[in-house]
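Thanks for coming, everyone. Please look at the structure on the screen while I talk.

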Amino acid sequence: MADFLPEPYAAYGSNLCPEQMLRRCPQAEVAGSLLLPAWRLRIGRFASIEPAPGAFCPVGLWRITAACLAALDLHEGAKPDEGAKRRKEPAYERKKIALPDGRKAWIYIEKTRRDGPPSEEYVARLRRGYRFFGFDSAPLEEALARAGFGAA
């Protein structure tokens, strides 16, 4: 049996897609889903969230191990690239965020905004994740529209 951390991981972007998440974290298990108040999905080249009073961002919760958290740090670029000649800033910052029920969850927030639009393949993973968790697609489609995805 896996030794799960007490805090789940809150995914809002491509890690909602079960194939991707389980490739990165084979021991992860779905722990539920919720609407995170006062945050909204923002899409650039990749997904992030940003504070937005009155908004709600759908998040999928995953039970994870310490090894999963380390793998997520690697994939999300949450650690500086110490092997490079020039130290690169982390792309995302891992934080604990308060959930509506008072629990805490791990989440990654983009540190350096990377403008989009995202690739079609990335958007397909986002949409698969939203379907997997049973989310209304409106917040995702609104974020994609703000990012200019599909605009000519």
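I will go through one helix, then one loop residue.

This is a predicted model, where local features need pLDDT of at least 70, side-chain atom pairs count only at pLDDT 80 or more, and totals for chains, interfaces and linings use all residues. Residues are numbered from 1 along each chain as its sequence is written, and side-chain values use heavy atoms, with hydrogens and water left out.

Helix 3 first. Helices here are DSSP runs of H or I, at least four residues, and strands are runs of E, at least two, numbered from the N terminus. Which residues of helix 3 are buried? They are Tyr 122, Val 123, Arg 125, Leu 126, Gly 129, Tyr 130 and Phe 133. Buried means under 20% relative accessible area, exposed over 50%, with a 1.4 Å probe and protein chains only. Down the helix axis, those buried residues fall within an arc of 155°, so they line one face. The arc is taken from the directions from the axis to the C-beta atoms. Glu 120 and Arg 131, on the other side, are exposed. The cover over the buried residues includes helix 1, strand 2, strand 3 and helix 4. After helix 3 comes Gly 134, with a positive phi near 75°.

Now Asn 15. This residue sits in the loop between strand 1 and helix 1. Asn 15 counts as buried, because its relative accessibility is 3%. Its side chain makes polar contacts (N or O atoms within 3.5 Å, one able to donate a hydrogen and the other to accept it; sequence-adjacent residues count only if both atoms are side-chain atoms). One joins the side chain of Tyr 9 at 2.9 Å. Another reaches the side chain of Gln 20 at 2.7 Å.

Notes. Contact means heavy atoms within 4.5 Å.
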